[in-house]
Amino acid sequence: MGGMRTAGDLVARMQLSKDMRLGEAKEYVAKKLGVTPYDLSDVYMMREVREQLDIGVVTALPNASRGIQSKFKIEDLLGIRINCCDNYRDRMKR
């Protein structure tokens with residue numbers, strides 16, 4: 001399972017942030033995305049899912065979120081905190 005081409009980045013985030021085992025993290029992410037765990041490694045399926053949820057894709061799309069915008073959406077979708085998003089919020093308060 002790759003990074004942004006599939007759902008490897010999302011699964012890895014769950015493993016690190018919630019201390020989940022690999023299978024558990026895949027199940028959690030698949031449920032949140034509305035796909036099967038098998039679909040998480042399908043490049044074509046995940047491209048469509050990522051575009052629909054606007055959580056970032058490898059190639060730039062017009063009017064699509066990218067970078068920090070995508071990470072904020074991933075935070076909301078997975079119910080986790082991402083350090084760079086927290087840092088961004090802190091800087092915006094200044």
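Just after α1, Asp-19 takes a positive phi of about 55°. This value comes from a predicted model, as do the others in this report. Most residues other than glycine have a negative phi. Asp-19 has its positive phi although it is not a glycine. Asp-19 sits in the loop between α1, which covers 8-18, and α2. Is Asp-19 buried or exposed? Its relative accessible area is 71%, and the cut-off for exposed is over 50%. Asp-19 is therefore classed as exposed.

Two further residues also take a positive phi. Asp-54 has a phi of about 55° and is not a glycine. Asp-54 is placed in the loop between α3 and α4, the latter being 68-78. Gly-34 follows just after α2 and has a positive phi of about 75°. The table lists these residues with their places.

| Residue | Phi | Place |
|---|---|---|
| Asp-19 | about 55° | just after α1 |
| Gly-34 | about 75° | just after α2 |
| Asp-54 | about 55° | loop between α3 and α4 |

The helices before and after the first loop can be taken in turn. In α1, the buried residues are Gly-8, Asp-9, Leu-10, Val-11 and Met-14. Their cover includes α2, α3 and α4.

Helix α2 has 12 residues. From its first C-alpha to its last, α2 reaches 16 Å, which is close to the 16 Å expected at 1.5 Å a residue. Which residues of α2 are buried? They are Ala-25, Val-29, Ala-30 and Leu-33. Because these residues cover an arc of only 130° around the axis, they lie on the same side of α2. The buried residues of α2 pack against α1, α3 and α4.

The loop that follows α2 holds another aspartate. Asp-39 is found between α2, at 22-33, and α3, at 43-53. Asp-39 is buried, yet it has no salt bridge. Where is the nearest side chain of opposite charge? It belongs to Lys-26 and is 12 Å away from Asp-39. A salt bridge needs a side-chain nitrogen of Lys or Arg within 4 Å of a carboxyl oxygen, so Lys-26 at 12 Å does not form one with Asp-39. Which residues does Asp-39 touch, leaving aside its neighbours within four places in sequence? Asp-39 is in contact with Met-45 and Met-46.

Notes
Residues numbered from 1 in each chain as written. Predicted model: local features only at pLDDT ≥ 70, side-chain atom pairs only at ≥ 80, totals over all residues. Heavy atoms only, no water. Helix = DSSP H or I, 4+ residues; strand = E, 2+ residues; numbered from the N terminus. Buried < 20%, exposed > 50% of the residue type's maximum accessible area, 1.4 Å probe, protein only. Lys, Arg positive; Asp, Glu negative; His and termini not counted. Contact = heavy atoms within 4.5 Å. Expected span 1.5 Å × (residues − 1). Arc of directions from axis to C-beta.
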